[in-house]
Amino acid sequence: PKVDLSQIEQTNRTGYPAPFDQPVSGRWQHPIGDAVGLTELGARHVVLEPGAWSSQRHWHDGEDELLVMISGRAVLVEDEGETELVAGDIVAWPMGVRNGHHLTNRGSGPCSFFCVGAGSNIGGGYSDIDMLFTADGSYVHKDGTPY
């Protein structure tokens, strides 16, 4: 049951279409949930290099999300404004609440956090761009046309 992060491949892959993939190019993830076979809970350890975003600002229609800062500093950007997060801070978003959120590393060194999510992946959307994500993992414009 003990997870050894050094045994889980760290990746900076993203499914975002260009140009939405660029702000997350400095995001490195250990996909813990996938690596250990979790089926109902997503879990990942994330490191953001300076200047990197955790994601595009998004919300989940069918997934609760919880994030725990481990090291460094990041700025949480939500519909209501910005909040600085430091090691030990915890933030959470209930499914269905359309409060677009992401973290951005505006510091000079890396920061890291642990993020978990649970629920049914029925999709969600992005606050700042013309994009939604669907249950099958594809990206579409808000009018439904595919990317």
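On the surface of this predicted model, Val3, Val36, Leu38 and Leu41 make up a nonpolar patch, with about 290 Å² of accessible area together. Val3 belongs to the segment before S1. Its relative accessible area is 35%, so Val3 is classed as partly exposed.

Let me turn from the surface to the interior. The largest nonpolar core has 14 residues, and those touching the most other members are Leu48, Leu67, Met69, Leu85, Leu103 and Phe113. Which elements give two or more residues to this core? They are strand S2 (41–48), strand S4 (63–71), strand S5 (73–78), strand S7 (90–93) and S9. The largest share, 3 residues, is that of S9.

Phe113 deserves a closer look. With neighbours within four places in sequence left aside, the contacts of Phe113 are Arg44, His45, Val46, Leu48, Ser54, Leu67, Val68, Met69, Ile70 and Leu103. Apart from this core there is another, of 8 residues, including Phe20, Met131, Phe133 and Tyr139.

Some of these names return when we consider the aromatic rings. How many aromatic pairs does the structure hold? There are 5. I shall describe two of them.

In the pair of Tyr16 and Tyr139, the ring centres are 5.6 Å apart and the planes stand at 65 degrees. Planes over 60 degrees apart count as edge-to-face, so this is an edge-to-face pair. Tyr16 sits in the segment before strand S1 (27–30), whereas Tyr139 is in strand S12 (residues 139–140); the pair thus links distant parts of the chain, 123 residues apart. As for its surroundings, Tyr16 is buried, at a relative accessible area of 8%.

The second pair is that of Phe20 and Tyr147, which is also described as edge-to-face, because the planes are at 85 degrees, with the ring centres 6.0 Å apart. Phe20 is found in the segment before S1 and Tyr147 in the segment after S12, so parts that are 127 residues apart in sequence are tied together by this pair. Are the two partners buried or partly exposed? Phe20 is buried, at 16% relative accessibility, while Tyr147 is partly exposed, at 39%.

Ring pairs also build a cluster, which consists of Tyr16, Tyr126, Phe133 and Tyr139.

I now come to the charged side chains. The count of salt bridges is 5. One of them joins Arg57 and Asp79, with an N to O distance of 2.7 Å. Arg57 lies in the loop between S2 and strand S3 (58–60), and Asp79 in the loop between S5 and strand S6 (81–86), so this salt bridge ties together parts that are 22 residues apart in sequence. Arg57 is buried, with 10% relative accessible area, whereas Asp79, at 41%, is partly exposed.

The side chain of Arg57 also meets that of Asp128 in a salt bridge, at 2.8 Å from N to O. Here again distant parts of the chain are linked: Arg57 is in the loop between S2 and S3, and Asp128 is in the loop between strand S10 (124–126) and strand S11 (132–133), 71 residues apart.

A further salt bridge is formed by Glu82 and Arg106, whose closest N and O atoms are 2.8 Å apart. Glu82 is in strand S6 and Arg106 in the loop between strand S8 (101–104) and S9, 24 residues apart. Are these two residues buried or exposed? Both Glu82 and Arg106 are exposed. Through salt bridges that share partners, Arg57, Asp79 and Asp128 are joined into one network.

Finally, I should like to place Gly119 and Glu63. Gly119 is part of strand S9 (residues 111–119), and its relative accessibility of 42% makes it partly exposed. Which residues does Gly119 touch, not counting residues up to four places away in sequence? They are Glu40, Gly62, Glu63 and Met95. Gly119 and Asp64 are 55 residues apart in sequence, yet their C-alpha atoms are 6.3 Å apart in space.

Glu63, for its part, is in strand S4. Neighbours within four places in sequence aside, Glu63 is in contact with Trp93, Pro94, Met95, Gly117, Ala118, Gly119 and Ser120. Between the C-alpha atoms of Glu63 and Glu84, which are 21 residues apart along the chain, the separation is 24 Å.

Methods:
Residues are numbered from 1 along each chain as its sequence is written. This is a predicted model: local features need pLDDT of at least 70, side-chain atom pairs count only at pLDDT 80 or more; totals for chains, interfaces and linings use all residues. Side-chain values use heavy atoms; hydrogens and water are left out. Rings of Phe, Tyr and Trp (its six-membered ring) pair if their centres lie within 6.5 Å; planes under 30 degrees apart count as stacked, over 60 as edge-to-face and the rest as tilted. Helices (H or I, at least four residues) and strands (E, at least two) are DSSP runs, numbered from the N terminus. Buried means under 20% relative accessible area, exposed over 50%, partly exposed in between (1.4 Å probe, protein chains only). Patches are made of residues with over 30% relative accessible area and no salt bridge: like charges are joined within 9 Å, nonpolar side chains (Val, Leu, Ile, Met, Phe, Trp, Tyr) within 5 Å. Accessible areas come from the Shrake-Rupley method with a 1.4 Å probe; for residues, only the protein chains shown count as cover. A salt bridge is a side-chain nitrogen of Lys or Arg within 4 Å of a carboxyl oxygen of Asp or Glu. Contact means heavy atoms within 4.5 Å. A nonpolar core is a set of buried Ala, Val, Leu, Ile, Met, Phe, Trp, Tyr and Cys residues joined through side-chain atoms within 4.5 Å.
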